[in-house]
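Me: Please take a close look at one part of this model for me: the place where two helices from separate chains pack. Then connect that part to the chains around it.

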Amino acid sequence: MENGRNRKYTEAPIKILLAKPAIDGHDRGIFVLARAFRDAGMDVIYAGLLPTPEEVVDTAINEDVDVIALSLLNGAHLTAFKNVMDILNKKDVHDIAVVGGGIIPDDDKPILEKMGVTGNFGPGTPLKIIIKHVRERAMEVRKIKEDEYK
Amino acid sequence: MEDYWNLKINEIKKSFKSNDKYNKWKEKTLKPWNQKTGYKDKKYKNSSDMDIKELYTEDDVPENMDKILGNPGEYPFTRGIYPNMYRGRLWTMRMFSGFGTPDDTNKRLKYLIKNGETGLSIAFDMPTLYGYDCDSKRSVGEVGKCGVNVSSLMDMERIFDGIDLSRISTSMTINAPAAILTAMYFVLAEKNNTDLKDISGTVQADILKEYIAQKEWMYPPEAHLRLIRDMLVYSIKNVPRWNYISVSGYHIREAGSSAVQELAFTLADGFYYIDLGIKAGLNIDDFAPRMSFFFNSSINFFEEIAKFRAARRIWATVLKEKYGAKNPKSMMLKFHTQTSGYTLTWQQPLNNIVRTTIEAMAAIMGGTQSLHTNSYDEAWALPTDDAVKVALRTQQILAEETGISDVIDPLGGSYYLERLTSEMEEEAYKYFAEIDKMGGVLNAIKSGYIQKEIAETSYRRQLNIENNEETIVGVNKYIDENEKPINTLKITDIAENDQLRKLKDLKSKRDNTKVNESLNKLREAMKDENINLMPYIMECVKNYATLEEISNVGREIYGEWKEPKIY
Amino acid sequence: MSINNLISGILSGDNRSIARAISIVESADIKTREKIIKEIYNRGNAKIIGITGPPGVGKSTIIGNIAPMLSDYGKISILAVDPASPFSGGSILGNRIRMQETLSKKNIFMRSTSNRLYNGGLSEYSWDIIKIMEASGSDFIILETVGSGQSDIDIMNIADITCVVLAPGLGDEIQAIKSGIMEIGDIFIVNKIDREGSYIAIKDIRETLNLGNKIKTPVIGINSINKENYDKFLDYIIKWDKKNYKKKYIGKLKQIIIEDIYNKYSCYIDNMEYDENTLKKDPYTVAEAIIKNMNEIIDK
């Protein structure tokens, strides 16, 4: 019981949901990330293949994750990431950060940023850069949550 | 069965001689040199985690060399399946293509034919690969993005408009809905009055590697395997020049496996399909000759060549010894190769031309029957016409300028390569034994064992790259701070809108009573394991039932599938 | 959201509030937990169904199948406990993969949790989570654990009915006996009865149970592909009585008190100067001194 108890709940390990919110089976990268996040001490939820955007958001809410990491290599990121963001907004969820990655052309990055999807890392990005970004985004949303439960 | 694999492992172990010469040289010459120069040796390994020595000598060549090597065109075909190899006929330059609407793809195919390509290869978009129509809710944003969209026979007619099916061979990269796309191709030929006996081509249809690596499926494994059996039996009887399956290691490698894992898991899948044909009551020598393979060619030159040679030797040996095949054609492993997509870097993309060239050389020296070379811009997007041209020219330069295709198996007899080939073979046999212990390849897949093996290898490799133990030029070494973006192919939503309009139009014009009738007949037939479904699917296709409508009959009967948890 | 909003959210069955409250009790201090639990303690009353068994037997698939069937009888929540990495403390929670579609369709709340947080007191801590799920109006709570370690077995003390899942041909029967899950099962489920060896597996389990004086314990073979015998399984769950109410209550009480005492003393333990002299003394003597010191402060 000494393990991790008696702290502010915002000090718990970062919880992250990994999802490919479209019909895209390229899961090599997402498995590597799952392992890397776990080895960085995070609790990782992997949504499995072919979740609908609704399922992604349901999972994120039920698991109360800090971060949703979306990845697509099939060129459908603009549509699929937007679907996830739309549902989050519709449910008025603003304390879950969303980061993206995959094969994302430079031109699309500002569009995704504007939607609220940050990072948007391409192939060959070192894991430590991705982990650092996830940590930063997680801390942002935790600040929001901490203020709520003072 | 495990006994057979262990027998093979022991045979190989016994064929390795003692390494006196190397050891003596190491003591007498190498060590003093290293001490004098202060050189500290480190461990060298290839992707398959094998220790690589700095020198190979005649002692490394297996003892029974004559027996296990064989001449080209002779058992066990280690040096090549044809007596004259590329002198008789060059490998087929088969560039995978397909994007946007069927009309876009039709233009691209005609462009490639004009530029000297000798075989067509069609890439389908994600909705098609998963058996969804362009108007499915799941297809939004994906229509025509990663390949061409085919929602019905009408789209197939547009892709091949003006192309004579009897004069080309077509390869279709389709798996879960393979039976439906194959049916479309057959029906298209019939409608063009081309005899099914005159068409040739390959359909990938390898569902086992989908569960292992590419993860594109519709139903539980058993249901897909039944459809593969039906395609196999139908084409063996009616379409004699059709390769009903292309057992694929490509995706296993792309998913992060090592070379030896690619080799072992692919051949294990191949053996499963052989069992499937035998269970369907066919004679092995009637269907094994039409089985083909598809491998990856990655960047470790010698490791790849050894892999191709080991694959041929294992296939011939096992088909002959274990399955009792009599026809040498059953024992010949024919394969298509694609250069590695994973080794392409997003950074400094022009470097990819060099990587692809080296990988293509490995495939050619490994004796491939056909080859796809990737374009340098494919880490960014689907390739532009210009990038595809460079990739095709790469093959033409290798074929016609370098002389590497003049001699069969030009590296055969290399101490290093022969040793590596035997070691690859040994490791593959170890995997076969392990898989058998788990109750066969299907159980090994359903329990997630194979997927986990690959994920572990892939993660280890990523850590090596992160720690700079493995170099990727432009990514973790020789980084260019001022990278400029390159021109890439942009696919607009025009394709999606165009497809949606045409499908809507089709649905209003076709005879819906006939569509439903044929779908109902298929549904009934599906319930009886012993019926061959191909004629029923072809009937649906002919009536312009859509891909998704036909797929949904199976979804109803068999249910859908979710992957096992591997972590 | 304040704690008060959170509580009304839980009571009205709002998934976000339930999820957030679980995050809080997963890691917050005893006071915050108390605030939440006090408010919801008497609300709700669910039957708790424990499902355990070795990895790979298909527990998630079974839950994915049985949960929608159960949802005809009431509201369902699911709590899945996954092992954490012994090295990094992180975990990969993949239990949802085979269920998510069903969960979303039927609006079933599911939460994964890693066992790292609960070193040595898994069942008592999940008590809090289960209370929240109960207060949200659940009629059935399914609790999934991997039956591989002692703490995974202990957690089943909290369940009203414990289902042990096994599959033929993996040597599970022997493992199961070794790990002690044969003792705790109220129902034994043999999954994948389409597989070879299932008859023998069922027979072996039956015999082991008979030897252990559990002649009446049911053993049901099921097939998760065509749902064969799921109706029998469902029937047992529906008809099963709730049990162990008192035992669970006392268990939780002990945990709260032990935790409270531990917290009070631990600051002493952590803040003590461990100089050479201290380390020479035997720990019994040092502990005695701390307790004495502590009691004096409390008395004041």
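Reply: What follows starts at the helix contact and then moves outward, chain by chain.

The model is predicted. Keep that in mind for every value below.

**The helix pair**

The part in question joins helix α2 (residues 53-63) of chain A to helix α2 (residues 15-27) of chain C. Two packed helices are described by the angle between their axes and the distance between the axes. Here the angle is about 45°. The axes lie 7 Å apart. Angles under 35 degrees would count as roughly parallel, and 65 to 115 as roughly perpendicular. α2(A) and α2(C) are therefore oblique to each other.

Which residues make the contact? From α2(A) come Ile61(A), Asn62(A) and Glu63(A). From α2(C) come Asn15(C), Arg16(C) and Ala19(C). By class, the contact residues split into 2 nonpolar, 2 polar and 2 charged.

**The chain A helix itself**

Is α2(A) buried or exposed? Of its 11 residues, 10 are buried, so the helix is largely enclosed by the rest of the structure. The buried set runs through Pro53(A), Glu55(A), Val56(A), Val57(A), Asp58(A), Thr59(A) and Ala60(A), and includes Ile61(A), Asn62(A) and Glu63(A). Those last three are the chain A residues that touch α2(C). Asp and Glu side chains appear in the buried set too: Glu55(A), Asp58(A) and Glu63(A) are among its members. Just after the helix comes Asp64(A). Its phi is positive, near 50°.

**Chain A against chain B**

Chain A also meets chain B. In that interface, 25 residues of chain A are in contact with 31 residues of chain B. Two helices of chain A, α1 (28-39) and α3 (77-90), each supply at least two residues of the chain A side. The largest share comes from α1(A), with 5 residues. By class, the chain A side has 13 nonpolar, 7 polar and 5 charged residues.

**Chain B**

Chain B carries 24 helices and 9 strands. Its radius of gyration is 24 Å, close to the 24 Å that the globule rule gives for 567 residues, so chain B is as compact as a globular protein of that length. Its C-alpha atoms fill a box of roughly 85 × 60 × 50 Å along the principal axes. Buried residues account for 51% of the 567. Among contacts in chain B with a separation of 6 or more, 77% join residues 24 or more positions apart.

Strands of a sheet pair through backbone hydrogen bonds, either parallel or antiparallel. Chain B has an open sheet of 9 strands with parallel pairing. The order is β5-β4-β3-β2-β1-β9-β8-β7-β6. The edges are β5 (242-243) and β6 (245-248) of chain B, each pairing on one side only. Inside the sheet, strand β7 (residues 291-297) of chain B meets strand β8 (residues 335-339) of chain B through 5 bridges, running parallel. Ser297(B) faces Thr339(B) in that pair. Helix α17 (residues 385-400) of chain B packs on the sheet. It touches β1 (92-97) and β9 (370-372) of chain B, and its direction makes about 165° with that of β1(B).

**Chain C**

Back to the other partner of the helix pair. Chain C has 14 helices and 8 strands. Of its 300 residues, 45% are buried. Contacts between residues 24 or more positions apart make up 75% of those in chain C with a separation of 6 or more.

One strand deserves detail: β2 (residues 76-82) of chain C. All 7 of its 7 residues are buried. Both faces are covered. One side shows Ile76(C), Ile78(C), Ala80(C) and Asp82(C). The other shows Ser77(C), Leu79(C) and Val81(C).

Which strands pair with β2(C)? Strand β5 (residues 140-146) of chain C joins it in parallel over 6 bridges. Strand β4 (residues 109-114) of chain C does so too, again parallel and over 6 bridges. Ala80(C) takes part in both pairings. Its bridge partner in β5(C) is Glu144(C). In β4(C), Ala80(C) stands opposite Ser112(C).

A last site in chain C is Asp204(C), which sits in helix α10 (residues 198-211) of chain C. Why does Asp204(C) count as buried? Because 20 C-beta neighbours lie inside 10 Å, and 20 or more is the cut-off. Asp204(C) and Ile97(C) are 107 residues apart in sequence. In space, their C-alpha atoms are 31 Å apart.

Conventions. Residues are numbered from 1 along each chain as its sequence is written. Chains are lettered from A and ligands numbered from 1 in the order in which they are written. This is a predicted model: local features need pLDDT of at least 70, side-chain atom pairs count only at pLDDT 80 or more; totals for chains, interfaces and linings use all residues. Axes are lines fitted to C-alpha atoms, for helices over the stretch in contact, and angles run from 0 to 180 degrees between N-to-C directions. Helices (H or I, at least four residues) and strands (E, at least two) are DSSP runs, numbered from the N terminus. Angles under 35 degrees count as roughly parallel, over 145 as roughly antiparallel, 65 to 115 as roughly perpendicular and the rest as oblique. Two residues are in contact if their C-beta atoms, placed from the backbone, lie within 7 Å. Ala, Val, Leu, Ile, Met, Phe, Trp, Tyr, Cys and Pro count as nonpolar, Asp, Glu, Lys and Arg as charged, and the others, Gly among them, as polar. A residue is buried if 20 or more other C-beta atoms lie within 10 Å of its own, exposed if 12 or fewer, and partly exposed in between; C-beta atoms are placed from the backbone. Two strands pair if DSSP finds at least two bridges between them. The radius of gyration is taken over C-alpha atoms; the globule rule is 2.2 Å times the number of residues to the power 0.38.
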